[in-house]
Amino acid sequence: MIKVLIADDHSMVRQGLKQILELEKDIAVIAQAANGDDAVKLTREHKPDIVLMDINMPGTNGLQAIKELKQENHPSKIIVLTIHQDREYLFKTLQMGAEGYVLKDAEPNVLIEAIRNVYRGQSYIQANMTKELVKEFNRVTLHEKDKSDEPCQKEHVCSIS
């Protein structure tokens with residue numbers, strides 16, 4: 001059984017997610033939090049396998065909660081469940097150690113697939129967000145390649161190791 005904690009400041013969202021997830025025989029919602037402080041506290045207390053973490057919550061937000069849990073090396077895996085479809089949030093949460101990123105407008109089967117994949121030790125980025133990762137990878141890779149080519153262009157000699 002995959003134990004899930006839902007952290008979202010909207011009660012209706014939490015209840016809807018709970019109903020959707022508990023239709024699955026292998027998923028159980030064991031706790032719910034309305035803010036980041038409660039998410040951290042309840043994660044410590046209930047030790048869920050997966051934390052579904054909203055970013056925008058009052059008080060301690062989801063980013064701060066992720067940071068705190070990851071600094072503690074808590075074994076729970078975090079899937080960010082958000083409205084934010086911009087790459088800054090995606091990169092920030094991945095850099096912080098989140099294992100998944102799913103948009104709130106995704107179909108329920110996408111979230112269920114994310115939960116199962118992350119539970120099995122994989123990462124999960126919703127398909128329409130992966131293009132942002134590829135763009136950033138290409139940008140960084142091309143930038144690094146340009147930097148490594150500079151001495152070759154200046155000295156007209158290159159060595160490949």
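This passage describes the fold, the nonpolar cores, the helix packing and a few individual residues of a predicted model.

The protein has six helices and six strands. Read from the N terminus onward, these elements follow the pattern β-α-β-α-β-α-β-α-β-α-β-α. Of its 161 residues, 42% count as buried. Long-range contacts are well represented: among contacts between residues at least 6 apart in sequence, 63% join residues at least 24 apart.

The interior is a good place to begin. In soluble globular proteins, nonpolar side chains tend to be buried together. Here, the largest nonpolar core has 25 residues, and Leu5, Ala7, Met53, Ile78 and Tyr101 touch the most other members. Both strands and helices contribute: at least two residues of this core come from each of the strands S1 (2–7), S2 (27–33), S3 (50–53), S4 (77–82) and S5 (100–103), and likewise from each of the helices H2 (36–46), H3 (62–71) and H4 (87–96). Helix H3 gives the most, with four residues. For a view from inside this core, methionine 53 is a helpful starting point. Leaving aside residues up to four places away in sequence, methionine 53 touches Ala7, Ala39, Gly62, Ala65, Ile66, Leu69, Ile78, Ile79, Val80 and Leu81. A second core, separate from this one, has 20 residues, including Leu52, Ile79, Ala106 and Ile112.

Helix H3 also takes part in two of the helix pairs described here, one with H4 and one with H2. In the pair with H4, the axes are 9 Å apart and the helices pack at an angle of about 20 degrees. This angle makes H3 roughly parallel to H4, and the crossing of the two is left-handed. On the H3 side, the residues that meet H4 are Leu63, Ile66, Lys67 and Lys70, and their partners in H4 are Tyr89, Lys92, Thr93 and Met96. Sorted by class, the contact of H3 with H4 has four nonpolar, one polar and three charged residues.

The pairing of H3 with H2 offers a useful companion case. The axes of H2 and H3 come within 8 Å and cross at roughly 30 degrees, which makes H2 roughly parallel to H3. The crossing of H2 and H3 is right-handed. Helix H2 contributes Gly36, Val40, Thr43 and Arg44 to the contact, while H3 contributes Ala65, Glu68 and Leu69. By class, the residues of the contact of H2 with H3 are three nonpolar, two polar and two charged.

A further helix pair joins H1 (residues 11–21) and H5 (residues 108–119), whose axes come within 11 Å and cross at roughly 75 degrees. H1 and H5 are therefore roughly perpendicular to each other. In this pair, Leu17, Ile20 and Leu21 of H1 meet Pro108, Leu111, Ile112 and Ile115 of H5. The contact of H1 with H5 has seven nonpolar, no polar and no charged residues.

Isoleucine 20 gives a closer look at this contact from its place in helix H1. With residues up to four places away in sequence not counted, isoleucine 20 touches Pro108 and Ile112. The C-alpha atoms of isoleucine 20 and isoleucine 112 are separated by 9.0 Å, although the two residues are 92 apart along the chain. Isoleucine 20 has a relative accessibility of 31% and so counts as partly exposed, as this class lies between the 20% limit for buried and the 50% limit for exposed.

Two loop residues also deserve a look for their backbone. Most residues other than glycine have a negative phi. Lysine 47, in the loop between H2 and S3, has a positive phi near 50 degrees. Asparagine 73, in the loop between H3 and S4, likewise has a positive phi, of about 55 degrees, although it is not a glycine. Asparagine 73 is exposed, with a relative accessible area of 65%. The C-alpha atoms of asparagine 73 and glycine 97 are separated by 10.0 Å, and these two residues are 24 apart along the chain.

Key:
Residues numbered from 1 in each chain as written. Predicted model: local features only at pLDDT ≥ 70, side-chain atom pairs only at ≥ 80, totals over all residues. Heavy atoms only, no water. Core = buried A, V, L, I, M, F, W, Y, C linked by side-chain atoms within 4.5 Å. Buried < 20%, exposed > 50% of the residue type's maximum accessible area, 1.4 Å probe, protein only. Contact = heavy atoms within 4.5 Å. Axes fitted to C-alpha atoms, helices over the stretch in contact; angles between N-to-C directions. Parallel < 35°, antiparallel > 145°, perpendicular 65-115°, else oblique. Left-handed = near helix turned anticlockwise from the far one by under 90°. Nonpolar A, V, L, I, M, F, W, Y, C, P; charged D, E, K, R; others polar.
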